[in-house]
Amino acid sequence: MKRVSTMLIGVMAITSLFGVAYAGTARTEWVDPEKFVDVDPAGETRARFRERTFSQLEKHFQERAEELPTDQVLKLTFTDVDLAGDVKYMIGPNNNNYRVIEDLYFPRLEFSYQLVDGNDNVLKSGEENIKDMNFMNRVRNTRSNDSYIYEKNLFDDWFNDAILPKD
């Protein structure tokens, strides 16, 4: 029993050392968001919906950036966002607005990025216009009740391919 406890403590100590090495950050800027193709609300004010959408996406970007080494910063400057789906106006007996998710309305993110180290040296940079025209055919993951699952999956694919270090 003592041997198992000692081994467990050792594994936890090693695991915590690996965790300390990764805690990068993300900085996000939204340029002229009122001109974005589709960040339209279905049932709230445009400003409130945009604020909530950007807040949730920024939180996700930060969570992903925490996988980077401590001194690295991922700077994202978004110039356009097209959310999955489309808002259909005045539907039904109460004339409500709904965001309808159909494969015709795929998510798209347009942005530039810089990955910099602690000395502001640019490690990677570029401009991206990413889209997922096959978003409806993906296997659902644990975030399936997330309002922005399609945009987050799109970003994750790009992040895994373009930003994470290749081993």
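A residue counts as buried here when its relative accessible area is under 20%, and by that criterion 34% of the 167 residues of the protein are buried. The model on screen is a predicted one, and the stops below move from the whole chain to its helices, then to a pocket, and finally to a few single residues.

**The whole chain.** Begin with a cartoon view coloured by secondary structure, in which the protein comes to 3 helices and 6 strands, arranged along the sequence in the pattern α-β-α-β-β-β-β-β-α. If you display contacts with a sequence separation of 6 or more, 67% of them are accounted for by residues 24 or more positions apart.

**Helix 2.** Next select residues 46–65, which make up helix 2, a run of 20 residues that reaches 28 Å from its first C-alpha to its last, close to the 28 Å expected at 1.5 Å a residue. Show the side chains of Phe49, Arg50, Thr53, Phe54, Leu57, His60, Phe61, Arg64 and Ala65, which are the buried residues in this helix. Turn the view until you look down the axis of helix 2: the buried residues fall within an arc of 140°, and so they line one face of the helix. On the face turned away from that buried side, select Ala47, Glu51 and Lys59, which are exposed. To find what the buried residues of helix 2 pack against, add strand 1 (25–30), strand 2 (73–82) and helix 3 (149–162) to the selection.

**Helix 3.** Keep helix 3 on screen and check its length: its end C-alpha atoms are 20 Å apart, which agrees with the 20 Å that its 14 residues should span at 1.5 Å a residue. Of those 14 residues 10 are buried, so helix 3 is largely enclosed by the rest of the structure. The buried set consists of Ile149, Tyr150, Glu151, Lys152, Asn153, Leu154, Phe155, Asp156, Trp158 and Phe159, and charged side chains such as those of Glu151, Lys152 and Asp156 are therefore included in it. The packing partners of these buried residues are helix 2, strand 2, strand 5 (108–116) and strand 6 (122–131).

**The largest pocket.** Now select Phe49, Leu83, Arg99, Ser147 and Tyr148, which, among the 16 residues that line the largest pocket, lie nearest its centre. Helix 2 and helix 3 are the elements that give two or more residues to this lining. About 220 Å³ of space lies in the pocket, and by class its lining has 8 nonpolar, 2 polar and 6 charged residues.

**Arg46.** Return to helix 2, where Arg46 has its place, and note that this residue counts as partly exposed, at 46% relative accessibility. Leaving aside its neighbours within four places in sequence, Arg46 is in contact with Asp40 and Pro41. A distance label drawn from C-alpha to C-alpha between Arg46 and Glu34, which are 12 residues apart in sequence, should read 9.0 Å.

**Two loop residues.** Finish with a pair of backbone checks. Asp32, in the loop between strand 1 and helix 2, has a positive phi of about 50° although it is not a glycine, and with a relative accessible area of 37% Asp32 is partly exposed. Asp120, in the loop between strand 5 and strand 6, likewise has a positive phi, of about 65°, without being a glycine, and at 54% relative accessibility Asp120 counts as exposed.

Terms used:
Residues are numbered from 1 along each chain as its sequence is written. This is a predicted model: local features need pLDDT of at least 70, side-chain atom pairs count only at pLDDT 80 or more; totals for chains, interfaces and linings use all residues. Side-chain values use heavy atoms; hydrogens and water are left out. Helices (H or I, at least four residues) and strands (E, at least two) are DSSP runs, numbered from the N terminus. The expected span of a helix is 1.5 Å times one less than its number of residues. Buried means under 20% relative accessible area, exposed over 50%, partly exposed in between (1.4 Å probe, protein chains only). The arc is that of the directions from the helix axis to the C-beta atoms. Contact means heavy atoms within 4.5 Å. On a 1 Å grid over the protein atoms alone, a cavity is a set of points where a 1.4 Å probe fits but cannot get out, and a pocket is an open set with protein on both sides within 12 Å along at least five of seven lines; lining residues have an atom within 4 Å of a point. Grid points are joined across faces, edges and corners, and a volume is the space filled by probe spheres set on the points.
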